[in-house]
Amino acid sequence: MKEIHRVAVLGAGTMGARIAAHFANAGVPSYLLDIVPPKSDFPVRNKIAAAGLEAAKRSKPAAFFETSLAHLITIGNFEDDLGRLARVDWIIEAVVENLALKRELLKKVEAVRQPGTIVTTNTSGLPVAAIADGFSEDFRRSWFGTHFFNPPRYMRLLEIIPTPETDRGMVEAVSWFADVHLGKGVVFAKDTPNFIANRIGTFSVLNAMRLMQEMDLTIEEVDALTGPAIGWPKSATFRTIDLVGLDILAHVVGNMEKTPSQSGQAMRLPEFFEQMLARNWLGDKTRGGFYKKVEGNDGQEQRLALDWKTLEYRPQQKAKFPPLEMAKNLEDVGARIRMLLGLGSSGAAKADRSQTFLWSAVTDLWNYSADRVPEICDSIVEIDRAMRLGFNWELGPFELWDAAGVEATVERMGREGRRVPPQAETLLASGRKTWYVDARESPSGRAFWQLTSGEYTPLPVAPGVWSVAVAKKSKGVVKKNSSASLVDLGDGIACIEFHSKMNSLGADIVSLITESLKPHGPAADFQGFVITNDGVNFSAGANLMLLLMSIEEQEWDEIDLAVRQFQAMTQAIKFSTRPVVVAPFGLTLGGAAEMTLHGPARQAHAELYVGLVEVGVGLIPAGGGCKEMLLRAIDTASALRRGTRSAGALSDSVELLEAVKKAFEITATAKTATSAEEARALGFLFAQDGITMNRERLLADAKARALELVRAGYGPPSPRSDIPAPGENILATLKLGVHLMRQGGHITEHEALLGTKIAEILSGGELTPGTPISEQHLLDLECEAFKSLCGERKTQERIRYTLKTGRPLRN
């Protein structure tokens, strides 16, 4: 397989610069080239590429894991630097969507590239084969489409579009590299307008607009119906268009003007949309689209929504649909969707406008999607995967159909005289009732109905792509309770998985971890462990509702016991006689961050948002988090002093003061890393800890790391009892800082109390500097501080606010 070590990106616009940034995230150097500005002299000849790189460095959300990674990008221009393309393995064209301009540039590329160098286009809709028509045979063999979604760091979908002449080995090399090194979910598409995700997504958007007009719904009502209730993003339909840009949607629709909709009519933008384009109401980029923000009479920001009939803005209104409110209480996605579609036990419809809208929208979506196979791809799998990864749908169209019930929905569609796609009729006629089924023999654990063959086919999965759910089916669950499971991963490794609501940490999880790690517990036969799960986030921390109930009942002994048990669990992770690999991802906050800190090894997903955020709810880290931050500070300071051969006691050193101050800042300000790379800089991960780019590979990578530790003869660390306490001098310095912040009005009285408590723990207390203390001493300080804060009225207010709003209180 061809190896990829260096790439070039042609075009430093929004997409090109951010594609280069994501290669930098993967540690891959690149050239970022663009045109020379008119009438330019050196050094401003690279002005456009430089501006693109600077924009990527400043972008929100961040394009880089850390902005320092930008050093891997070398800027240049198309006139002076095309010769550098002879040194790269993959060239990505990302210039403006103009066929003639692309061909003109690529002719120059053809003259300088080395034979066998991969060349791809990031076009979002132009015919891929047509761009390279008439080029050399070697160029055409190395040519195909690679459609990244914006922003490339966060949107996992990569559509690969081969042409009939593309060398399969080139495609496999890029597919593997994008999967493993860029963290992409690769979907293969046919060379048709807008490929897969934009083809299906654009139909869905235009259809929602059509139904809105026919049913006289508002912008806000459509967004309420096409958001999280049916497993689509919070931005729903019109807020998403504002984010992307109305001009971008217009361009994508332009690619489809010759493509018929389900009704057989050409897909076009409605008149009100065309008028918005004429007025340059393009969404967020022009500070006005379907929504816009203004300053109200009270000086507070107010969001206005557009009346599509009058094209006038008015205050945003909350949609009121009873089924929508009822569905919010249903956790099961199938039950929620059936309610929203008005499907009772008999499948009978109910006369609610919200249900009528959604029923029409999804039946049209099912028809349209079924008819696109094999036109735009080879199976239903590519469509479902593309919509999950490219549009952040919880379920793709066919998975959504399974959740609603294929048999019941087809019966209702027929009863109402709606079109039923022949593919669905064939499925039901064969005696099958779902598009997907469980399949033990399949590596993915699932099989799908292949429309072209009329039979179930194992769902393909790349080696190394794995999940806890699949492991449960193949290996089984050893032990479980309502919130956690011990799962056999094979080869002597077990996974401790939590599956409580939102993966909040409670007594059941603490109990299962503690029991499993005992030498003679239920997992005695296992040689190593992985702690992870299949959720959207690793865990947002402890169960605050249970804590608040204990506080209100003044059950101080229960709180003390809960803290001690949580501490016992984190110590069991750290000092287990068998290696424990913690594999965090997504939100890893509070108690979950403390679990991560105590892991003997960590295998983190690149998109890791980890932090000790307890101060946000008026508390301090009490599961060993403060202790571990202090130990890291001491070890960092010791290493610095060894490196400089400094004389004198560590406890009196500038290095220790600075290291403890950094630990204090991270803990007292609830500083959260926004990537695994940043987590290393903050001390949540060590240099030797692994980072996995593809979320779907995290479990396999973590298991591999556990096996490495087992085969290396893993031995646990011993609890430290000779920790040199920073002591009273550093405590005084930290307290002075807190006092000055309070005097300056930068923090509240309660926040000053929190800062003081954290300072006392990180100093080891009012002790002579260098006094030996133990890890248990620090845990005791944490526990006492935590309990004292539970009795504070302000702490209770912060907990209630967080439970109500889902976010910490900011002063």
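**Notebook: salt bridges**

I counted the salt bridges in this predicted model, and the total came to 62. Opposite charges on side chains can pair up when the charged atoms come close. I picked a few pairs to look at.

**Entry: Arg239 and Asp284**
I found these two side chains joined in a salt bridge, at 3.1 Å from N to O. Arginine 239 sits in helix α9 (residues 238–244), while aspartate 284 is in the loop between α11 (271–278) and β9 (291–295), so this pair ties together parts 45 residues apart in sequence. Then I wondered: is arginine 239 buried or exposed? Arginine 239 has 18% relative accessibility, so I put it down as buried, because the cut-off for that is under 20%. Its partner, aspartate 284, is partly exposed at 35%.

**Entry: Glu416 and Arg418**
Next I checked glutamate 416 and arginine 418, whose side chains meet in a salt bridge at 2.9 Å, N to O. I noted glutamate 416 as partly exposed, at 34% relative accessible area. Arginine 418 is partly exposed too, at 29%.

**Entry: Asp560 and Arg564**
Which helix holds both arginine 564 and aspartate 560? I traced them to helix α22 (residues 556–575), where they are four residues apart, about one turn of the helix. Their side chains form a salt bridge at 3.9 Å, N to O. Arginine 564 comes out as partly exposed, with 28% relative accessibility.

I followed this pair further and ended up in a network of salt bridges: Asp560 and Arg564 are linked in it with Asp780, Glu784 and Lys787.

Methods: Residues are numbered from 1 along each chain as its sequence is written. This is a predicted model: local features need pLDDT of at least 70, side-chain atom pairs count only at pLDDT 80 or more; totals for chains, interfaces and linings use all residues. Side-chain values use heavy atoms; hydrogens and water are left out. A salt bridge is a side-chain nitrogen of Lys or Arg within 4 Å of a carboxyl oxygen of Asp or Glu. Helices (H or I, at least four residues) and strands (E, at least two) are DSSP runs, numbered from the N terminus. Buried means under 20% relative accessible area, exposed over 50%, partly exposed in between (1.4 Å probe, protein chains only).
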